[in-house]
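Biologist: I'd like to learn how to read a model like this one, feature by feature. Could you give me the general idea each time, and then the case at hand?

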Amino acid sequence: MKKKIPIYGVTRVDNEISRTHGWLVTIQRRGTIFRRQFSDGILGGKAKSLAAAKAWRDEIVARHPPLSKREHAEILKKNNKSGVVGVCRY
C-alpha cells in the first residue's frame, strides 16, 4: 500500500454522487480564509489540476505570509482577564 504524503493546504476531493473530482486549496491568514477548487475535468487531469492548485497555494502564501511565532504569541486570547498577554493570576 502506498503511503500518502500530505500536501500543505491542499486536499483531494472525490465525490461520486455529485461527480466532483479535483483538488481543494484552503489557506487561512489573519482571519481571512482563501479557498479555491481545481477541477480535474476542466484543467485536463489529476496531475495538471494538482499543479495548478499548488501554484495558487504558493501565490497566496507568498502574498500573505503566516504569522511569526512572536506575532502569534501576542494575540490576546478570549479567556484573558487581565488584558495583558502572558499575565495570569494564581
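Modeller: Sure, let's begin with the vocabulary. Helices (H or I, at least four residues) and strands (E, at least two) are DSSP runs, numbered from the N terminus. Two strands pair if DSSP finds at least two bridges between them. With that in hand, strand 1 and strand 2 form a hairpin with four residues between them, and Arg19 in the turn has a positive phi of about 55°.

Biologist: Anything I should know about where the values come from?

Modeller: This is a predicted model, where local features need pLDDT of at least 70 and side-chain atom pairs count only at pLDDT 80 or more, while totals for chains, interfaces and linings use all residues. Residues are numbered from 1 along each chain as its sequence is written, and side-chain values use heavy atoms, leaving out hydrogens and water.

Biologist: Back to the strands, then. What order do they have in the sheet, and what is the pairing?

Modeller: The sheet is open, with three strands in the order 1-2-3 and antiparallel pairing. Strand 1 (10-15) and strand 3 (32-39) are at the edges with a single partner strand each, so one side of each has no neighbour in the sheet. From one strand to the next, the twist averages 25°; for angles, axes are lines fitted to C-alpha atoms (for helices over the stretch in contact), and values run from 0 to 180 degrees between N-to-C directions.

Biologist: How many bridges hold strand 1 and strand 2 in register?

Modeller: Six bridges, with strand 2 covering residues 20-29. Asn15 has Thr20 as its bridge partner in strand 2, and Thr11 stands opposite Leu24.

Biologist: And how many bridges are there between strand 2 and strand 3?

Modeller: Eight, again in the antiparallel sense. Val25 is partnered with Arg36 in strand 3, and Thr26 with Arg35. In a regular strand the side chains alternate between the two faces of the sheet. The hairpin of strand 2 and strand 3 has two residues between the strands, and Arg30 there takes a positive phi near 50°.

Biologist: Which strands does helix 2 lie across?

Modeller: Helix 2 (residues 46-63) lies across strand 1, strand 2 and strand 3, and runs at about 10° to strand 2.

Biologist: Next, the core. Which residues make up the largest nonpolar core?

Modeller: General idea: a nonpolar core is a set of buried Ala, Val, Leu, Ile, Met, Phe, Trp, Tyr and Cys residues joined through side-chain atoms within 4.5 Å. Buried means under 20% relative accessible area, exposed over 50%, and partly exposed in between (1.4 Å probe, protein chains only). Here the largest core has 10 residues: Val10, Trp23, Val25, Ile27, Phe34, Phe38, Leu50, Ala53, Trp56 and Ile60. Strand 2, strand 3 and helix 2 each supply at least two of them, and helix 2 gives the most, with four residues. Take Phe34: among its contacts (heavy atoms within 4.5 Å), leaving aside neighbours within four places in sequence, are Val25, Ile27, Trp56 and Ile60.

Biologist: Ser49 is in helix 2. Is Ser49 buried or exposed?

Modeller: Ser49 counts as buried because its relative accessibility is 0%. Its side chain makes a polar contact of 2.6 Å with that of Asp40. A polar contact is a pair of N or O atoms within 3.5 Å; within protein, one must be able to donate a hydrogen and the other to accept it, and residues adjacent in sequence count only if both atoms are side-chain atoms. Asp40, in helix 1 (residues 40-43), is buried too, at 12% relative accessibility. The side chains of Asp40 and Arg12 also share a polar contact of 2.6 Å.

Biologist: How many salt bridges does the structure hold?

Modeller: Six, a salt bridge being a side-chain nitrogen of Lys or Arg within 4 Å of a carboxyl oxygen of Asp or Glu. Arg12 and Asp14 meet at 3.0 Å, N to O, and Arg12, Asp14 and Asp40 are linked in a network of salt bridges. Arg12 is partly exposed at 24%.

Biologist: Which parts of the chain does the pair of Arg30 and Glu71 link?

Modeller: Arg30 and Glu71 have their closest N and O atoms 3.8 Å apart. That pair links distant parts: Arg30 sits in the loop between strand 2 and strand 3, Glu71 in helix 3 (residues 69-73), 41 residues apart. In contrast, Arg63 and Glu59 both lie in helix 2, four residues apart, about one turn of the helix, with closest N and O atoms 3.1 Å apart.
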